[in-house]
Amino acid sequence: MNEPITYQHWAVKFAPKAVPALATTTVLILGRIWNANGAEHSTGNAVLMTGLALGAAAAGGFTSAGRAGDATLAGTAFALSGGLALAGVAGYADGLSLPLLLWALATTVAYSLANRYWRTDRRESLAYERHTAARREDHAHVERVETLRAHTQIEVAREAATYATALAEAMTARAALPGFDPETLTRAGLPSGRTK
């Protein structure tokens with residue numbers, strides 16, 4: 001069977017691995033822009049970001065508390081909570097050291113959580129590829145058996161046609177012999193060569 005040739009550009013393979021770092025870096029940059037525009041030491045902004053972060057964390061906890069809770073929704077809520085907390089600290093803090101420390105921590109946590117999902121996805125992909133390969137082998141085996149059967153039937157039909165032609169020629173030649181009596185052959189149980 002012909003296998004399709006697929007090629008993925010290195011950027012396509014690398015893009016999912018860069019998403020956690022891009023997300024935390026974007027939050028840090030936006031928080032620092034917010035800091036430069038007056039969020040530093042603003043009590044209202046600190047309360048707003050604390051409230052949003054706690055609300056997102058509560059939503060994540062509420063979503064994951066149920067037995068049938070959606071893990072993706074809970075993870076998104078917790079990630080939003082962490083992002084809002086990072087943005088609040090990045091916007092409220094004086095210097096850059098605390099936001100950078102939190103950025104490094106958030107990036108590490110994001111990669112550790114993403115790595116678990118990447119491993120699960122890799123395991124499922126490998127299981128699917130193995131299952132697909134096994135199915136292809138089964139189909140290829142059935143295809144080979146059917147091809148052999150078809151070739152055998154074709155050869156048998158060819159030999160039968162050759163035999164029928166040879167028999168017809170022999171019967172014609174026998175009928176042309178002097179002293180040929182078809183009734184004697186019929187009484188003996190042999191084909192007489194006469195058409196009915």
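Hi everyone, this is a short walk through one predicted model, helix by helix.

Let's begin with helix H1, which covers residues 10–39. Please find Ala18 on your screens: the helix bends there by about 45°. A proline, Pro20, follows within four residues of that bend. Which residues of H1 are buried? They are Ala18, Pro20, Thr24, Leu28, Gly31, Asn35 and Ala39. So the residue at the bend, Ala18, is itself on the buried list, with a relative accessible area under 20%. Just past the helix comes His41, and for those of you who like backbone torsions, its phi is positive, near 60°.

H1 has something to show on the outside too. Ile29, Leu30 and Ile33 form a nonpolar patch on the surface, and together they have about 290 Å² of accessible area. Take Ile33, which sits in helix H1. Its relative accessibility is 45%, so Ile33 counts as partly exposed.

Now to the core. The largest nonpolar core is made of five residues, namely Met49, Ala53, Ala56, Leu84 and Ala87. Two elements each give two or more residues to this core: helix H2, residues 43–65, and helix H3, residues 71–92. H2 gives the most, with three residues.

That brings us to helix H4, residues 97–175. Thr107 lies in this helix. Is Thr107 buried or exposed? Thr107 is buried, because its relative accessibility is 10%. And what does Thr107 touch, once we leave out residues up to four places away in sequence? The answer is Ala21 and Thr24. You have met Thr24 already, as one of the buried residues of H1.

Let me finish with charges. The structure holds two salt bridges. One joins Arg149 to Glu146, with the closest N and O atoms 2.6 Å apart. Arg149 and Glu146 are three residues apart in helix H4, so about one helical turn separates them. In general, an α-helix has 3.6 residues a turn, so residues three or four places apart point the same way. Arg149 has 43% relative accessibility and therefore counts as partly exposed; Glu146 is partly exposed as well, at 39%.

The other bridge is between the side chains of Glu155 and Arg158, at 2.7 Å from N to O. This pair also lies in H4, three residues apart, which is about one turn of the helix. Glu155 is partly exposed, with a relative accessible area of 38%.

That's my tour, and I'm happy to take questions. Thanks for listening!

How values were computed:
Residues are numbered from 1 along each chain as its sequence is written. This is a predicted model: local features need pLDDT of at least 70, side-chain atom pairs count only at pLDDT 80 or more; totals for chains, interfaces and linings use all residues. Side-chain values use heavy atoms; hydrogens and water are left out. Buried means under 20% relative accessible area, exposed over 50%, partly exposed in between (1.4 Å probe, protein chains only). Contact means heavy atoms within 4.5 Å. A nonpolar core is a set of buried Ala, Val, Leu, Ile, Met, Phe, Trp, Tyr and Cys residues joined through side-chain atoms within 4.5 Å. The bend at a residue is the angle between axes fitted to the seven residues ending there and the seven starting there. Patches are made of residues with over 30% relative accessible area and no salt bridge: like charges are joined within 9 Å, nonpolar side chains (Val, Leu, Ile, Met, Phe, Trp, Tyr) within 5 Å. Accessible areas come from the Shrake-Rupley method with a 1.4 Å probe; for residues, only the protein chains shown count as cover. A salt bridge is a side-chain nitrogen of Lys or Arg within 4 Å of a carboxyl oxygen of Asp or Glu.
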